[in-house]
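Please work through the exercises below with the sequence and the model open beside you. Each one sets a task and then solves it step by step.

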Amino acid sequence: MLSRGFTSHSVNGFIGAVGNTPLIYLKNLSEKTGSKIYGKAEFQNPGGSVKDRAALGVVEAAEADGRLKPGGTIVEGTAGNTGIGLAHVCRARGYRCVIYMPDTQSQEKIDLLRMLGAEVRAVPAVPYDDARNYNHQARDYAQATPGAVWTNQFDNTANADAHYRTTGPEIWAQTQGTVDAFVVGTGTGGTLAGVGRYLKEKSDGRVQVWLADPPGSVLHAYVTSGGKLMERSGSSITEGIGQGRVTNNLGTFVDKLDGALHISDEKSIAMVYDLLDSEGLYIGASSALNVVAAYELAQKLGPGKTITTVLCDGAYRYQSRLFSKKWIESKGLAGAIPEHLKKYTVL
Ligand code: PMP
């Protein structure tokens, strides 16, 4: 019988509640493969996602190197979980928070960030090589504003360092050092590079670290071709992951990867429903992709292994899509959901 466990201490505010998430044993997939498959419950962070760790990491690094002073401003280009994490951290630490995002983002996302006290600037949705792109505008605004810091989540390696200092050691301790493999999708690459580096170092290279990649990302081809960067094409339902380039965060680790798995949207959406049905877990599509990858890696490596991945956030932020019949059909994914799981498409 697995012990339920409890924390015997209180924590200091929002910041103290970031990290130390449970490692959830995924019974059904483990039994199917004869390995132990675990998902790190990052949806239990106080801002609701794995990005709370990176948000805290980049803010604390800016404080430590003197760029961020009391009453200062944090600026980031983000449409998702990083903005939410930063908005929370800024309220907790008394900073102003300015978020740039493409004007194609939903009103819900804009409203949520505003409710968390962030100033939201919606700018034209243009590619990265256009100067009006939201990332460049975030950087330019920070440069022109006294006391402002652009946290630059993609290329600021304080992001991966946060996972090296926290997520990696937690996984090592929670598996009592028995972890054999870690696999995860990447957006900035912070989670993959930070956790990967820690587990490799701690195990003298024994732990295998794999990338999981959705359609529309160039990284799977980059890793499996030995470093060829293709044009980005296609898209995925897995928000928050997939990349068109090797970010600085990923760059610190990409040559140490043991392999990469390409995971289709069909498999990811089916896993969203399957984890709900078989484990009672209500998780987003990037988490589901990670679990598919862990399952496939378990099959590849053979029985008796301990495989870990990350449950990045809950399905709450995506439920109007992931559980909507119309949306599922519009993505051509109706056939991907097994008959006995169709009852969950209630919207
Ligand atoms: N899943 C979700 C839902 C995310 O928001 C992100 C962050 N963009 C990731 C996965 C990937 O994390 P990372 O940026 O550390 O690669």
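**Exercise 1: a residue in a loop**

Task: decide from the count of C-beta neighbours whether Gln-176 is buried or exposed, and describe its backbone and its place in the chain.

Solution. Gln-176 counts as exposed, because it has 8 C-beta neighbours inside 10 Å; the scale calls a residue buried if 20 or more other C-beta atoms lie within 10 Å of its own, exposed if 12 or fewer, and partly exposed in between, with C-beta atoms placed from the backbone. The coordinates come from a predicted model, in which local features need pLDDT of at least 70 and side-chain atom pairs count only at pLDDT 80 or more, while totals for chains, interfaces and linings use all residues. Residues are numbered from 1 along each chain as its sequence is written. Gln-176 sits in the loop between helix H8 (167-174) and strand E7 (181-185), where helices (H or I, at least four residues) and strands (E, at least two) are DSSP runs numbered from the N terminus. Its phi is positive, about 50 degrees, although Gln-176 is not a glycine. Most residues other than glycine have a negative phi.

**Exercise 2: a second positive phi**

Task: find where Asn-152 lies, and state whether it is buried or exposed.

Solution. Asn-152 belongs to the loop between strand E6 (148-150) and helix H7 (158-165). Its phi is near 50 degrees, a positive value in a residue other than glycine. Asn-152 is buried, because 22 other C-beta atoms lie within 10 Å.

**Exercise 3: two helices checked against their expected span**

Task: compare the end-to-end distances of H3 and H13 with the expected values, and then examine how far each helix is covered.

Solution. The expected span of a helix is 1.5 Å times one less than its number of residues. For helix H3 (residues 51-64), with 14 residues, this should give 20 Å, and the end C-alpha atoms are 20 Å apart, which agrees. H13 has 17 residues and reaches 24 Å from its first C-alpha to its last, close to the 24 Å expected.

Turning to burial, 10 of the 14 residues of H3 are buried, so the helix is mostly covered; among them are Lys-51, Asp-52 and Arg-53, as well as Leu-56 and Val-59. In H13, 13 of the 17 residues are buried, so this helix is largely enclosed by the rest of the structure. A glycine with positive phi follows in each case: Gly-66 follows H3 with a phi near 85 degrees, and Gly-302, just after H13, takes about 90 degrees.

**Exercise 4: the nonpolar cores**

Task: which residues touch the most other members of the largest nonpolar core, and which helix gives the largest share of this core?

Solution. A nonpolar core is a set of buried Ala, Val, Leu, Ile, Met, Phe, Trp, Tyr and Cys residues joined through C-beta atoms within 7 Å. The largest has 61 residues, of which Phe-182, Val-183, Trp-210, Val-272 and Ala-293 touch the most other members. Its largest share, 10 residues, comes from helix H13 (residues 285-301). Apart from this core lies another, of 31 residues, among them Ala-55, Ile-84, Leu-86 and Ala-118.

Val-183 can then be followed outward: not counting residues up to four places away in sequence, its contacts (C-beta atoms, placed from the backbone, within 7 Å) include Trp-210, Leu-261, Ala-293, Leu-297 and Ile-307.

**Exercise 5: a buried strand residue**

Task: where is Met-101 placed, and which residues is it in contact with?

Solution. Met-101 is in strand E4 (residues 96-102), and it is buried, with 23 other C-beta atoms within 10 Å. Leaving aside neighbours within four places in sequence, Met-101 is in contact with Thr-78, Ala-79, Val-120, Ala-122 and Tyr-134. Met-101 and Ala-125, 24 residues apart in sequence, are 8.1 Å apart in space, C-alpha to C-alpha.

**Exercise 6: the shell around the ligand**

Task: how many residues surround the ligand, and how do they divide into nonpolar, polar and charged?

Solution. There are 20 such residues, and the closest are Gly-187, Thr-188, Gly-240, Ser-286 and Cys-312; a residue is near a molecule if its C-beta atom, placed from the backbone, lies within 6 Å of it. The shell divides into 4 nonpolar, 13 polar and 3 charged residues, where Ala, Val, Leu, Ile, Met, Phe, Trp, Tyr, Cys and Pro count as nonpolar, Asp, Glu, Lys and Arg as charged, and the others, Gly among them, as polar. Helix H9 (residues 190-202) supplies the largest share of the shell, 3 residues.

Terms used. Two residues are in contact if their C-beta atoms, placed from the backbone, lie within 7 Å.
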